[in-house]
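Dear colleague,

I am handing over the structure we talked about, and I would ask you to look through it slowly before you read my notes. What I found in it is set out underneath, one region at a time.

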Amino acid sequence: MDGMKHGPVLLTATAVIVLAAVAIAQDQGVQAVIGNVFLQDATPGTAQVGHANIKGTFRAGQVNVTSLNSTIPVIGNNNATDIAGIGASFSSAGKNGIAVRGTATNAVGVGKGVYGESRSDHGYGVEGFAQFDTGVRGGSNGSAGIGVLAVANNPGATALFATSTSGRAAVFSGTTQQYVGPIEGFNVDNEKVYDVTTNVGGSEFRCIGNGTGNASAMRAISNTQLLFLMRDNVMRVQAVIPTDGIGRISADVKNFVQPDPDDVHRDIVYASLEGPEAAAYIRGTARLVNGRVTVSLPAHFKNVAVSEGMTVQLTPLSESSKGLAVVRKSLTSFEVRELWQGHGGYEFDWEVKAVRRGFDDYKVYRPWDTNLPADLDRGKAMTGRIQSAKKVYGITYRQGP
């Protein structure tokens, strides 16, 4: 061609390669090639309009391009027919090197540092892989910036997919978190292990046993104020705030656990003492003076209990005791006297129990499915309930009417 030197061309360090923008509509892909752009050994070279078609290795210290409107100045295109064809590849061997960096410096509008797009049915807009560290990392210093944005416009598409065979697939952290759509997690066997959904009035988080909502290992529903743990379709632990606004926690047994000071390999596990009422207690030790004494109760007990049904138990700590009697009681104090007009001067232990204020209408019998989510399969839940009753409590229900 005219103007092109024949034979090998040696480029000096000051050689300039000018790539003029190729007008391309973003929604239509690469347009027809205008012409060829040739390598020049003169500095500065003559501006050319066209397409650079280079075989072999092309190295440049810096390429400056200008883009107007929707023009794409630099294109890495791959027309290879092999399965794993690569349009463009950049690498960095430095200790803290960056292979590809995209920076949006616009002061207004919505600039994108890196934009990835896939037009295939199962392709990836951006895929990141790390042998030892982080596959994809995004950050933003702007007050309303977004480190990584994932968008899926097709109902069957996945906006963000994270997988890990041994470590953490995804970590979400921050002072505030807002879920604006569903999030799902899968294990290495492609079994769903959790999902997060949002709806009008609340959100829901599930840790799923076998991929169905009825077998959720853990489930939290904000608009019904319900958190529960299940096993074999039976609700084992539940924390619920029903319409009365009272938070309730229930389980097969409630424990506290502490390390055993006598054996580092063993724990001490105590179970709560429970009864058919929501009660409070207080206890202590007092001493008779000339056969009588008035025991004052602390103000905090009066503030949490009601006097109706209040009980007082006494245990004399002297073998010569003639017996003790409570002759007066209230939420502020109770009076004790020795029987048979005794004049003893010994100590005794005492314990007071009373129903908690606001819980004097405690219901012992309640429908079994009061707090179950509306979408839970009642048939499967009842089957699990019957099996659990026999296994845990030794209860056998008669089947049929």
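Before we come to the sheets, one term is needed: two strands are said to pair if DSSP finds at least two bridges between them. Please also keep in mind throughout that this is a predicted model.

To begin with the chain as a whole, it has two helices and 15 strands, and buried residues make up 16% of its 401 residues. The accessible surface comes to about 30900 Å², and carbon and sulfur atoms account for 51% of that surface. If you take the contacts between residues at least 6 apart in sequence, 43% of them join residues that are at least 24 apart.

The sheet of β10, β15 and β12

In which order do the three strands of this open sheet lie? The order is β10-β15-β12, and the pairing is antiparallel. The edge strands are β10, which covers 279–287, and β12, which covers 311–316, and each of these pairs on one side only. From one strand to the next, the twist averages 15°. Between β12 and β15, the latter made of residues 347–355, there are six bridges in the antiparallel sense, and you can locate this pairing by looking for Thr 315, whose bridge partner in β15 is Asp 349.

The sheet of β11, β14 and β13

Another open sheet is formed by three strands in the order β11-β14-β13, and here too you will find antiparallel pairing. The strands at the edges are β11 (292–296) and β13 (324–329), and each has a single partner strand, so one side of each is left without a neighbour in the sheet. The twist in this sheet averages 25° from one strand to the next.

How enclosed is β14? Five of its six residues are buried, so β14 is largely enclosed by the rest of the structure. On one pairing, five bridges join β14 to β11, and the two strands run antiparallel; Val 295 has Phe 334 of β14 as its bridge partner. On the other pairing, β13 and β14 (residues 333–338) are likewise antiparallel over five bridges, with Ala 325 partnered by Arg 337 and Lys 329 standing opposite Phe 334.

The strands β13 and β14 form a hairpin with three residues between them, and Ser 330 has its place in that loop between β13 and β14. Leaving aside residues up to four places away in sequence, Ser 330 touches Leu 297 and Met 310. Ser 330 and Lys 302 are 28 residues apart in sequence, while their C-alpha atoms are 8.9 Å apart in space.

Residues with a positive phi

Most residues other than glycine have a negative phi, and it is worth turning to some residues that have a positive one. Asn 290, in the loop between β10 and β11, has a phi near 55°. Trp 340, which is found in the loop between β14 and β15, has a phi near 60°, and Trp 340 is also exposed, with a relative accessible area of 70%. Asp 232 takes a positive phi near 55° in the hairpin of β5 and β6, where two residues lie between the strands.

The strand β6 and the pocket

The strand β6 is mostly covered, since five of its seven residues are buried. It pairs in the antiparallel sense with β5 (residues 226–231) over six bridges, and in that pairing Leu 226 stands opposite Val 240. Four bridges join β6 to β7, and these two strands also run antiparallel; here Val 240 has Arg 248 of β7 as its bridge partner.

The strand β6 brings us to the second largest pocket, which holds about 2200 Å³ of space. Of the 50 residues that line this pocket, the closest to its centre are Ile 249, Ser 250, Lys 254, Tyr 362 and Arg 366. Which elements each supply at least two residues of the lining? They are β6 (234–240), β7 (248–251), β10, β15 and α2 (378–393).

With best wishes

Methods. Residues are numbered from 1 along each chain as its sequence is written. This is a predicted model: local features need pLDDT of at least 70, side-chain atom pairs count only at pLDDT 80 or more; totals for chains, interfaces and linings use all residues. Side-chain values use heavy atoms; hydrogens and water are left out. Axes are lines fitted to C-alpha atoms, for helices over the stretch in contact, and angles run from 0 to 180 degrees between N-to-C directions. Buried means under 20% relative accessible area, exposed over 50%, partly exposed in between (1.4 Å probe, protein chains only). Contact means heavy atoms within 4.5 Å. Accessible areas come from the Shrake-Rupley method with a 1.4 Å probe; for residues, only the protein chains shown count as cover. On a 1 Å grid over the protein atoms alone, a cavity is a set of points where a 1.4 Å probe fits but cannot get out, and a pocket is an open set with protein on both sides within 12 Å along at least five of seven lines; lining residues have an atom within 4 Å of a point. Grid points are joined across faces, edges and corners, and a volume is the space filled by probe spheres set on the points.
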